[in-house]
Amino acid sequence: MANALLDLPKTARKGEVIKITTLVSHLMETGYRREISGAVIPRLIIHTFTCRYDGEEVFRAELFPAMAANPLIAFSTIATKSGPISFTWVDDAGITLTESVDLVVTD
Amino acid sequence: MLRLRIILTFLLGVVPGGAITRADDIAPKDRRSGFDMMSAETQAMQKNDLANPAMLWVREGEALWSTPPEGGGQACSGCHGEARISMKGVAARYPVFDASAGTAIDLAGKIQQCQVERQKASPWPRESKPLLSMSSYVGLQSRGTSIVPAHYKGTTEAASRGKALFNRRVGQLNLSCANCHDDNWGQKLGSAVIPQGHPTGYPIYRLEWQGMGSLQRRMRNCMTGVRAEPYAYGAPEWIELELYLMQRAAGLTLETPAVRP
């Protein structure tokens, strides 16, 4: 897991629904493919994605081997207060990637 | 690949190779990027830099640009400064004749040459993640500019060899690149629309690959599709084909990094 692209506004009005799109680089090896020798290529996928808004979990997704490589996850939340929105991806190798963006909410 | 092979076998059952012939070369006014033949969804993915997965590679290339290589050499930025300025328009005119190589060289080959000769480092292998990342970062600096193939001594002959390769029937299915890309573009091969085969967006993020690949990888796919033995990565034949493809695409806009089905 190397890097992620985040698409969300930097500012929003209180009560506004904001759309968040995340894209992360990952091979998402299914565990069903084989090498030429016949050996199974071990599964190595991102299994959990979470989004926290000012510390509170607002979105969580579990991922499975049918997901494409470099998964894009889009969802929305309601702007309530200014604070960091953080994103965490965890894969089968235990590697965790965390990114955070500050959202400013106006009345 | 298997998909293309199955489709081809099916296609040949219906249309004997070369039976439909529409034209020779594509007139400049009829030139169209593969982008125009994609679904609206795939076009939208390419157009949005925060949804185009190729941008993940671009970001990696951007980081490598200012990272010194192992062995104490200078980073690319040490000599070239800001890529936004120094690399603008470069990808739109490659391959070029390279005096120190004594032959035509493509952009990836030029990057490798700078690694060896200027950075005294070992070059990233063809199709490796860092080389694709750097090629797409350098390529991005020419996005939106028109393709202007180099017309120097040394590339003219190579480009005409490329044209001959493009028109030569190869493989068990005995088809030339031109049979599909000049004569039958816009038609369907199974579920895929046959594009004109322009090198406007390379390296590309191909949905079928679920990853990034070079023009050479794309052309390999077409060659194995007609059951021909593809040339090795970096072989002169690929550079010759690319030279011809760039001439054939002159005037089209560079899209790097593109998304393709």
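Okay, so, to start with a definition: a residue is partly exposed when its relative accessible area is neither under 20%, which would be buried, nor over 50%, which would be exposed. Keep that in mind, and also that this is a predicted model.

My topic today is salt bridges. How many does the structure hold over all chains? It's 17.

Let's begin in chain A, with A:Lys81 and A:Asp54. Their side chains meet in a salt bridge, at 4.0 Å from N to O. And this pair links distant parts of the chain, with the two positions 27 residues apart. A:Lys81 is in the loop between β6 (72-78) and β7 (83-91), while A:Asp54 sits in the loop between β4 (46-53) and β5 (56-62). So back to our definition: A:Lys81 has a relative accessible area of 38%, so we call it partly exposed. A:Asp54 comes out at 37%, so that one is partly exposed too.

Now over to chain B. Here B:Lys129 and B:Glu60 make a salt bridge through their side chains, 3.9 Å from N to O. Again we're linking distant parts of the chain: B:Lys129 belongs to helix α7 (residues 129-140), B:Glu60 to helix α3 (residues 54-65), and they're 69 residues apart. B:Lys129 is partly exposed, because its relative accessible area is 36%.

Back in chain A, there's a little group to look at: A:Arg52, A:Glu57 and A:Arg60 are joined into one network by salt bridges that share partners.

One last pair, A:Glu29 and A:Arg33. Their side chains form a salt bridge at 2.8 Å, N to O. Is A:Glu29 buried or exposed? Its relative accessibility is 11%, so it counts as buried.

Notes
Residues numbered from 1 in each chain as written. Chains lettered and ligands numbered in written order. Predicted model: local features only at pLDDT ≥ 70, side-chain atom pairs only at ≥ 80, totals over all residues. Heavy atoms only, no water. Buried < 20%, exposed > 50% of the residue type's maximum accessible area, 1.4 Å probe, protein only. Helix = DSSP H or I, 4+ residues; strand = E, 2+ residues; numbered from the N terminus.
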